[in-house]
Amino acid sequence: MADNHFFASVDIGSHKTVVLLAEEADGRLAVFGHGISKSAGVKKGLINDIKKAAQAIKEAADKAYLSCGDGFHNVSVNISDPHLTVINREGQITITGGEISERDLGLAIKSACAVATPPNKQVVNSVSNRYTLDKNPTTHQGIVVDQPIGQEAKTLEVSMHIVMVSNQCVNAIDQSIRKSGLGLNNIVLNSMASSEAYITQDEKDEGICLVDMGAGVTNLSVFTKGGITYSAVIQNGGNQVTQDIADAFDTSFKEAERLKLKHGSAQIKTIREDRLIQFKQIEDPKDCERYLSHQSLVEVIEQSYLDLFSQIKQNLKSRKLYRSLKSGFVLTGGASKVKNCDALLLSCFKIRAKQGRVNTDKITADHRLLGPEYACALGLLLFNYDESDLRVAQEDDKGKFIDKIKDKFNF
Ligand SMILES: Nc1ncnc2c1ncn2[C@@H]1O[C@H](COP(=O)(O)OP(=O)(O)OP(=O)(O)O)[C@@H](O)[C@H]1O
Ligand SMILES: [Mg+2]
């Protein structure tokens with residue numbers, strides 16, 4: 001639950017750890033506190049050192065507290081498990097009373113969620129996508145409604161998107177949060193959180209893929225026919241781009257990151273005139289003056305992004321999702337800030353691609369916190385804000401995390 005009347009999120013990233021605090025104001029969330037620290041103990045989205053991760057969380061949490069003076073305890077946290085399992089499943093029940101009740105809906109959801117979970121995994125998020133009344137078993141046609149309670153029908157079918165992640169990932173997050181002195185409210189798949197602040201219902205209806213390109217991982221969420229139908233985590237992101245620059249020009253990672261942030265662009269064709277850029281190689285003495293060509297730098301960056309995009313393409317093609325994205329791609333995450341990232345994606349996929357923009361009708365914050373690298377932290381707040389739309393679906397049977405079902409309406 002939220003602390004008092006406000007919400008707190010922790011985005012444990014491979015590059016930075018962010019804590020945000022927000023409260024409801026005029027029907028939307030307003031961020032009033034924040035803290036950011038350099039991540040530690042996290043590699044490619046996964047916690048590999050709980051003690052270090054906890055320290056980074058504590059540092060960000062202390063800064064958030066200092067920024068506003070409000071104490072908080074329970075937080076929503078992201079997860080990026082490359083070995084996640086996603087299942088789309090329907091659950092159907094017969095309605096006995098004529099009118100669909102809350103209980104009927106609960107039973108339909110339960111039936112959809114009755115999947116066998118492998119012993120090393122657990123369900124973290126279950127999202128209901130679609131409610132169909134009186135589905136004809138032969139034609140598979142029925143009446144799709146936004147809100148089934150109170151409707152008259154003989155049968156109700158609920159389509160669910162169920163996300164399972166490894167117990168080990170959940171335990172590492174749980175322990176890191178607790179060691180930092182905070183409490184765990186819920187865990188949300190990174191891409192699901194990031195899409196909260198960025199994607200409209202129209203785009204979900206048309207078909208869209210959110211791409212959150214971070215430092216260590218790229219998270220994908222695909223929405224078709226109004227709901228989420230696919231989630232994936234690719235262990236590649238901005239750090240690989242930096243590493244490719246370091247390898248190409250024999251520089252340190254730090255120098256390569258500087259070159260990328262200061263001179264980076266994702267498309268070589270946008271560089272009309274070449275110029276020389278001063279840089280340092282690893283073994284260079286202090287007074288050594290060395291130069292590289294801007295075009296050659298951008299060439300390396302473009303190739304690195306193309307490698308990432310081809311991984312995205314493979315991922316989507318293998319699930320035949322690629323052609324259903326009428327609204328194309330929306331980009332978030334720090335690595336999407338490189339110049340011409342959207343143009344390169346468009347040229348690679350031949351479908352629309354745009355930089356994401358936070359929907360400020362849903363959430364507001366200081367403009368510095370509305371950048372793409374805060375998509376996940378903002379989305380976690382929104383996911384939690386919808387908690388009136390969440391219901392506990394699976395009781396904690398084996399000490400596992402309690403799953404919550406996200407519905408489109410209030411119970
Ligand atoms: N202007 C820019 N141009 C290119 N890359 C950038 C720019 N600004 C930030 N980045 C890259 O964005 C990455 C950090 O993104 P972000 O803060 O979203 O990562 P994270 O959420 O901490 O990590 P992850 O989600 O992968 O675990 C770094 O690789 C950084 O180099
Ligand atoms: Mg991230």
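Helix α10 of this chain has A375, C376, A377, L378, G379, L380, L381, L382, F383, N384 and Y385 as buried residues. Eleven of the eleven residues of helix α10 (residues 375-385) are buried, and the helix is therefore largely enclosed by the rest of the structure. The model is predicted. One residue of this helix can be followed outward: leaving aside neighbours within four places in sequence, L378 is in contact with L20, A197, V358, I363 and A365.

**The core**

L378 also appears in the largest nonpolar core, which has 116 residues. The residues with the most contacts inside this core are I57, I173, L378 and L381. The core draws at least three residues from domain 1 (85-165 + 397-406) and at least three from domain 2 (199-356). In soluble globular proteins, nonpolar side chains tend to be buried together.

**The chain as a whole**

The chain contains ten helices and 21 strands. Its radius of gyration is 22 Å, close to the 22 Å that the globule rule gives for 411 residues, so the chain is as compact as a globular protein of that length. Along the principal axes, the C-alpha trace spans about 85 × 50 × 45 Å. Of the 411 residues, 48% count as buried. Among contacts between residues at least 6 apart in sequence, 68% join residues at least 24 apart.

**Domains**

The chain is divided into domain 1 (85-165 + 397-406) and domain 2 (199-356). The C-alpha centres of the two domains lie 37 Å apart. Their contact takes eight residues from domain 1 and seven residues from domain 2. On the side of domain 1 that touches domain 2, β7 (85-94), β8 (121-133) and β10 (155-166) each supply at least two residues. The residues on that side divide into three nonpolar, four polar and one charged.

**Ligand 1**

Ligand 1 is surrounded by 25 residues, of which G13, H15, G214, G238 and G334 are the closest. Helices α6 (238-249) and α7 (253-263) each supply at least two residues of the shell. By class, the shell has five nonpolar, 15 polar and five charged residues.

**Individual residues**

The table lists the C-beta neighbour counts of four residues with their burial class.

| Residue | C-beta atoms within 10 Å | Class |
|---|---|---|
| S176 | 28 neighbours | buried |
| I312 | 22 neighbours | buried |
| K320 | 8 neighbours | exposed |
| D26 | 6 neighbours | exposed |

S176 is found in helix α3 (residues 167-179). Because 28 C-beta neighbours lie inside 10 Å, S176 counts as buried. Not counting residues up to four places away in sequence, S176 touches I47, I50, A53, A54 and I57. I57 is among the residues with the most contacts inside the largest nonpolar core. S176 and K52 are 124 residues apart in sequence, while their C-alpha atoms are 8.4 Å apart in space.

I312 lies in helix α8 (residues 294-317). This residue counts as buried because it has 22 C-beta neighbours inside 10 Å, the threshold for that class being 20 or more. With residues up to four places away in sequence set aside, I312 touches V211, T218, L220 and I234. Another pair gives a spatial reference: I312 and Q141 are 171 residues apart along the chain, and their C-alpha atoms are separated by 32 Å.

Two loop residues have a positive phi. D26 lies in the loop between β2 (16-25) and β3 (28-38). Its phi is near 55°, a positive value in a residue other than glycine. D26 is exposed, because it has 6 other C-beta atoms within 10 Å, and the exposed class takes counts of 12 or fewer. K320 lies in the loop between α8 and β17 (329-332). The phi of K320 is near 55°, again a positive value in a residue other than glycine. K320 counts as exposed because 8 C-beta neighbours lie inside 10 Å.

Definitions and conventions. Residues numbered from 1 in each chain as written. Chains lettered and ligands numbered in written order. Predicted model: local features only at pLDDT ≥ 70, side-chain atom pairs only at ≥ 80, totals over all residues. Near = placed C-beta within 6 Å. Helix = DSSP H or I, 4+ residues; strand = E, 2+ residues; numbered from the N terminus. Nonpolar A, V, L, I, M, F, W, Y, C, P; charged D, E, K, R; others polar. Contact = placed C-beta atoms within 7 Å. Domains from an automatic or database assignment. Rg over C-alpha atoms; globule rule 2.2 N^0.38 Å. Core = buried A, V, L, I, M, F, W, Y, C linked by C-beta atoms within 7 Å.
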